[in-house]
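Morning, everyone. I'd like to walk you through one structure today, so let me put it up on the screen.

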Amino acid sequence: MSKLIVEMRGVSKEYRGVPAVKNVSFDLREGEIHALLGENGAGKSTLTKMMAGVVTPSSGELLIDGQAVQFASPIEALDAGIAMVFQETSLVPALTVAQNLFLGSEQFFNRLRGINIAAQQFLQSLSFGVEPTVYVSQLGAAQKQMVEIARAVMRKARVIVFDEPTATLTPEEKRHFFELIKRLRAQGVSVVFISHALEEALSISDRITIMRDGEHVITDETAAFDRDRIIREMVGRSLSDKIYSSHDQKPVRKPGRRMLSVQNLSMGQAVRNTSFSVFAGQVTGVFGLVGSGRTETAKIIAGVLKRNTFHGGEVYFKDEQVRFRVPAPAVQKGIVYVTEDRKMEGFFSEKSIAENIYSGTLGRHSQSSRVVRSSDIAKVAKQWSAALNVRAIDAGSRVVELSGGNQQKVVVAKSLVQLPELVIFDEPTRGVDVGAIEEIHDIIDKLADDGLAVLVISSYLPEILNLSDRILVARQGRIVEEFDARAATEEKIMYAAVH
Amino acid sequence: MNILRDLSDRFYGRGAYSVSVPPMDGALQPNHRLDAARRLYQGESPDNLCTLGGGFIFSDGAQLFTILDNEAARIGGHLPADVLAMCSFEGGVVLILADGTLWTGAPATLRPLDVDAKVQLAHATAAMMDADGSLIVAIGSSHNPAEDWSRDLMQRRSAGSVWRVSLVDGAASELASGLAWPAGLITLAGKIYVSEAWRHRIISLQDQSVVLAQLPGYPGKLSADGQSGALLAVFAPRSQLIELVLREPVYRRRMMEEVPQHLWVAPSYASGKSFLEPLQGGGVRQMGILKPWAPSRSYGLLVQLDSTLQPIASLHSRADGKRHGISSAIRQGGEWLATSRGSGELIAAAVAGTVLAGADPAAAATAEAG
């Protein structure tokens, strides 16, 4: 057996008291490709980020070549031979390939021609067909990956971690990429490969580790796995959690009028000719893995993103063809999108709860010169804080001071003051404590009971199963399967999501 | 402004120029229920199912049939022409034939009735009895007879009309015109509704308001579902390819001039029967694997609508099935009966289990079907 190059013993990581990785042990042999699989939020990325020095473990031990180490930064990990290639590459688009390769290791005087020649020789040694003088912004996804890999190898990386490397690649680029990984393995480089594409993991890896809910589930030789076993291990959680236990008992709501009809919607590679409907008085759940185009589709509907200019498909809201260039007209029509990234897109962190909630009403009106009265702000905030049980010292508290759950409730309140007819929740309980999850689920249920059309996007299967009256599964930019909530199981949904 | 918008939409493929098709999801989620249904009759082109007394009758060409002891039984003699539309009233039926004549009476003793010549009965697509005893007739198009529906679609006409005809003296009055192939009629709670095939919708005849739009196929005959809603026979599917063809006038004109009609790139009651049909060699390459593929020009779809004419359940025969071109349907006891023009069959599917939980509307509206 090859020697162990990396060993992690009982490592854990918590973010503000919420465990992301719990007491996980993991090892990597020299010259092996090790696939790391699991649902979104299983802790794969956090585990590898600890390995690569991007985050520091809360507890546990990391050993490189049998020696205990602690990385304070990715540079230290790189010095120890561990590099990580992120899904969104960390290259500088405005620099050339050669400049990116030597970024961080420049000398006092740099001769551009010398850098280009050295880069060309190095890229050729790896059989990478990338021109060193081309700007990175002009490269395709696969070529950017190549430059990223070359940068890692150039720094004498013995371990390269790939986080979802193939999500943005075309089939041709993927084949090239796999050949490249195999060449690295032949040179003795160890590879950790995070992917949602099970076929890829089965075809390329030597060993597979599966994680679930931040815990290690199983590690075994790839030959011992097949697709069904992987799916079983990925989703085989116990559903004892109170929040997610009502799936079987809840009655399925009758569909009302078709509020939204998305027809052949397309946006680049992210959304590919997708079609689905959303009905009033129902919660329609959308499940999909990273790269399935769920968020992009929702953002096109809400006017945040734009579909393809030519033949980008159509969106009908209440049987009327709509095309929103910005979100405001969508809000005025009755469509609101509750973002998955509340910190960046959901609220004004330095503003008060009241101001944040009231800001939602501004989008409802087309006139920009409305007089804002403080009494109106207080009135609206009081009404919605009570309705959604936002817990804070007072309505004047800044949103940044609230817990994740209360922040999310503020974001929801800010959307609901817009009196929507269609509410799109994108990961409504991400980074939210257990108590608040239950409250947010109750809010979503009540909206559907009140006759609104509700679309919930979630990466967490129990949440989708618990909330939804009908379940849509997204894969590779389109809706590929629909389940009646009563007929759906975690295995069936996951099967549809990865096939 | 509208001209600019039209030019812009034409250039970008948006709005009226988009080639998008509504999805079959929700209550229209595909299944194989039509293919699993029991066969009651095999013929050429059964159509025009309607209830009569405690039983039912249907037409096949110029013949009327019923089913007795699981066997097809002919009723009456050979009619002078194929039956285009049929409806029943207490003790009798009304038939509209392809030769433009209207016959009424008991099935065994039918008599012709002279009808106002303004009504192009040879182009009739549906008929129903109104509460006042008059006949409501849908004329698909003033330009094309009922059997030439695909030509009317390819010509993108909106030349359909609905008429009220007195069964006493044959006098007729026009109720609506400019419709895009009206193909089905029903009365619910005193209001007349019409399925407008080429606009993929159902409208109220009184105020022309749209009650159901964005259907994924071409809606045909409507009938009562035996509860408070309706059954809608969708006789052909929409597809992106056909939507594209419908937006290409030059292509359509040449196709109609130069290609035999049964080989047009157009919807059909049945497809895949001849190697000469278009799209036999379609395919896409995914992950290096060639996947044979061709959009089907025919499909089987029967939709149950609630009292507000919203879909609540559906029965399908998909691209790999044969029971395509559903032309009429009724409820008979615990079964839905449907005629398939694609396979030439009369089929029966169990109603039980097809209605979604909680979907049975408690509305008190009474349904009177034609």
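Let me start with a question: how many bridges join S2(B) to strand S3 of chain B, and do the two run parallel or antiparallel? The count is five, and S2(B) and S3, residues 55–60, run antiparallel. Before I go on, please keep in mind that this is a predicted model.

If you want to find that pairing on the screen, look for Asp47(B): its bridge partner in S3(B) is Ser59(B). Zooming out a little, these strands belong to an open sheet of four, in the order S2-S3-S4-S5 of chain B, with antiparallel pairing. At the edges you have strand S2 (46–52) and strand S5 (71–75), each of which pairs on one side only. On average, neighbouring strands in this sheet are turned by 35 degrees against each other, ignoring direction.

Staying in chain B, go to the start of the chain. Helix H1, residues 2–12 of chain B, is hardly covered: among its 11 residues, the count of buried ones is zero. Just after H1(B) comes Gly13(B), with a positive phi of about 75 degrees.

Now, a positive phi on a glycine is one thing. In general, most residues other than glycine have a negative phi. So which residues here go the other way? Two to look at in chain B are His200(B), with a positive phi of about 55 degrees, and Gln208(B), with one of about 60 degrees. Neither His200(B) nor Gln208(B) is a glycine. His200(B) is in the loop between strand S15 (191–196) and strand S16 (201–204) of chain B, while Gln208(B) is in the loop between S16 and strand S17 (210–212).

Are they buried or exposed? His200(B) counts as buried, because it has 20 C-beta neighbours inside 10 Å. Gln208(B) counts as exposed, because it has 12 C-beta neighbours inside 10 Å.

Over to chain A, and the packing. The largest nonpolar core has 146 residues, and the ones touching the most other members are Ile160(A), Phe193(A), Ile357(A), Ile424(A) and Ile493(A). Helix H15 of chain A, residues 434–449, gives the most to this core, namely six residues. Take Ile493(A): leaving out anything up to four places away in sequence, it touches Phe287(A), Leu461(A), Ile471(A), Val473(A), Phe483(A) and Ala488(A). There's also a second, separate core of 96 residues, which includes Ala146(B), Val165(B), Trp181(B) and Ile192(B).

Ile357(A), from that first list, turns up again in a helix pair. Helix H12 (353–362) and helix H14 (404–416) of chain A have axes that come within 6 Å and cross at roughly 35 degrees. The crossing is right-handed. On the H12(A) side, the contact is made by Ile353(A), Asn356(A), Ile357(A), Ser359(A) and Gly360(A), and on the H14(A) side by Val410(A), Ala413(A), Lys414(A) and Ser415(A). That contact divides into four nonpolar, four polar and one charged residue.

Last stop: where do the two chains meet? Chain A puts 24 residues into the contact and chain B puts in 24. On the chain A side, the elements giving two or more residues are strand S11 (258–267), strand S12 (271–279) and strand S14 (314–317). By type, that side of chain A has eight nonpolar, nine polar and seven charged residues.

That's my tour. Over to you for questions.

Definitions and conventions:
Residues are numbered from 1 along each chain as its sequence is written. Chains are lettered from A and ligands numbered from 1 in the order in which they are written. This is a predicted model: local features need pLDDT of at least 70, side-chain atom pairs count only at pLDDT 80 or more; totals for chains, interfaces and linings use all residues. Two residues are in contact if their C-beta atoms, placed from the backbone, lie within 7 Å. Ala, Val, Leu, Ile, Met, Phe, Trp, Tyr, Cys and Pro count as nonpolar, Asp, Glu, Lys and Arg as charged, and the others, Gly among them, as polar. A nonpolar core is a set of buried Ala, Val, Leu, Ile, Met, Phe, Trp, Tyr and Cys residues joined through C-beta atoms within 7 Å. Axes are lines fitted to C-alpha atoms, for helices over the stretch in contact, and angles run from 0 to 180 degrees between N-to-C directions. A crossing is left-handed if the near helix is turned anticlockwise from the far one by less than a right angle, and right-handed if clockwise. Two strands pair if DSSP finds at least two bridges between them.
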